[in-house]
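Student: I am new to this structure. Please take a close look at one part, the way its strands pair, and then lead me on to the side chains.

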Amino acid sequence: MTYLTADGLPREPAGARFRALVGRGGILQIPGAHNGMAGLLAKRAGFEALYLSGAAMTASMGLPDLGIITVDEACFFVRTIARATGLPILVDGDTGYGGVLNTMHMVRAFEDAGAAAVHIEDQELPKKCGHLNGKRLVEPAEMAAKVAAAKRAARHLYVIARTDAAGVEGFEAAVERAKRYLDAGADAIFPEALTSRDDFARFAEAVRAPLLANMTEFGRTPYLTASEFEALGYRMIIWPVSSLRVAAKAQAELYAAIRRDGGTMHHLDRMQTRAELYETIGLAAYEALDSSIAATVVPPDVRPAAEEGRSRSGGVA
């Protein structure tokens, strides 16, 4: 199936599907997907929802995560991943892209693009990654107003309020802010950049609501598994930039190899083959929709002799 045909599209709104996944119990594992291909690979691995990180979007554009991009630019990422996968997507809404009206516009735009959920944070603009220093927060009343506005604008979007207060104002302030955001209508709470297993447990004990844990690498949060977060009382877990980090590292190694070797011949075993690529993106299904397109025949393996052994054991090139 493809997104071009009606039978390839989900019938239920994305937000309703996301809410059902959170509500069924256990912990919803939500890997980051920075583009449609990453989303398809995550779906193939068995994940039922995806996360779209602001840091991943900006890094994909060669920019830092400082609140630079626009709602329309974010919607491009949402739309491409939603079309490719059909999975419900939780989208990083930063600070709502401005004030109350901007937040409402963001919610409507994200819904129209295919998003299922959004989280909004209580930082001032220009914002920073939640695990970095120098964050500044808006007053709780201002953030509560944005949460209420987001809920008013949403038809089905699941609204998560993120608080960065633990590292700025202290743990108790983060708890109090979270409760205020719940009173404003938030569906769930995202306590950002907690620094210990004990803090995660204490927060879950103090804030009785669906909670999201951020398991980012190289940050302030200790490395915990999904089952460990579930035992602490969390209902959702994201790995926001992991797919982009892996892809960027692999690309850097590829470019170094081309400069060193004058070609890619020594890097073929690290690549997705042509056949694997076409299978992942569903080329045959799209071609079948238009009888004027000849069905693709994958070219024969012509990789260097040194690679032939790996080719025969690893599939068609």
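Tutor: Start with a term. Two strands count as a pair if DSSP finds at least two bridges between them. Keep in mind that this is a predicted model.

Now take strand 5, which covers residues 158-163, and strand 6. They pair in the parallel sense, over 4 bridges. One bridge can be found by name: Ile160 has Ala188 of strand 6 as its bridge partner.

Step back to the sheet around that pair. It is an open sheet of 5 strands, in the order 2-3-4-5-6, with parallel pairing. Which strands stand at the edges? They are strand 2, at 50-52, and strand 6, at 188-191. Each has a single partner strand, so one side of each is left without a neighbour in the sheet. From one strand to the next, the twist averages 25°.

Turn to the other group of strands. Here 3 strands make an open sheet, in the order 1-8-7, and the pairing is parallel. Strand 1 and strand 7 stand at the edges. Each of these two has a single partner strand, so each keeps one side without a neighbour in the sheet. The twist in this sheet averages 20° from one strand to the next.

Look at strand 8, residues 236-239, and follow its bridges. With strand 1, residues 28-31, strand 8 pairs in the parallel sense over 4 bridges. In that pairing, Ile30 stands opposite Ile238 of strand 8. Strand 7, residues 212-214, is joined to strand 8 by 3 bridges, and these two also run parallel. Asn214 stands opposite Ile238 in strand 8. So what is the bridge partner of Leu212 in strand 8? It is Met236. Between these two strands the chain takes a path you can trace: it leaves strand 7, passes through helix 9 (residues 226-232) and enters strand 8. This β-α-β crossover is right-handed.

Next, the charged side chains. The structure holds 24 salt bridges. One of them joins Asp122 and Arg177, with the closest N and O atoms 3.4 Å apart. This pair links distant parts of the chain, 55 residues apart. Asp122 is in the loop between strand 4 (117-121) and helix 6, while Arg177 is in helix 7, residues 171-183. Are these two buried or exposed? Asp122 counts as buried because its relative accessibility is 0%. Arg177 is buried too, with a relative accessible area of 3%.

A second salt bridge brings together the side chains of Glu217 and Arg245, at 3.0 Å from N to O. Glu217 lies in the loop between strand 7 and helix 9, and Arg245 lies in helix 10 (residues 242-261), so the pair ties together parts 28 residues apart in sequence. Glu217 counts as buried, at 17% relative accessibility. The cut-off for buried is under 20%. Arg245 is partly exposed, because its relative accessible area is 31%.

A third salt bridge is formed by the side chains of Arg260 and Asp261, again with 3.0 Å from N to O. Arg260 counts as exposed, at 60% relative accessibility. Asp261 is partly exposed, with 27%. Some salt bridges share partners, and they join Asp65, Asp94, Glu121, Lys127, Arg162, Asp164 and Glu192 into one network.

Go back to helix 6, residues 140-153, and find Lys146 in it. Lys146 is buried, since its relative accessible area is 3%. How far apart are Lys146 and Asn102? In sequence, 44 residues separate them. In space, they are 9.0 Å apart, C-alpha to C-alpha.

Finish at the surface. Tyr3, Leu4, Leu9 and Leu289 make a nonpolar surface patch of about 370 Å². Where does Leu289 sit? Its place is in the loop between helix 12 (283-287) and helix 13 (308-314). Leu289 is partly exposed, as its relative accessible area is 45%.

Terms used. Residues numbered from 1 in each chain as written. Predicted model: local features only at pLDDT ≥ 70, side-chain atom pairs only at ≥ 80, totals over all residues. Heavy atoms only, no water. Patch = residues over 30% accessible without salt bridge, like charges linked within 9 Å, V, L, I, M, F, W, Y side chains within 5 Å. Areas by Shrake-Rupley, 256 points an atom, 1.4 Å probe, with all protein chains shown as cover. Salt bridge = Lys/Arg side-chain N within 4 Å of Asp/Glu carboxyl O. Buried < 20%, exposed > 50% of the residue type's maximum accessible area, 1.4 Å probe, protein only. Right-handed = clockwise from strand over helix to strand, strands pointing away. Axes fitted to C-alpha atoms, helices over the stretch in contact; angles between N-to-C directions.
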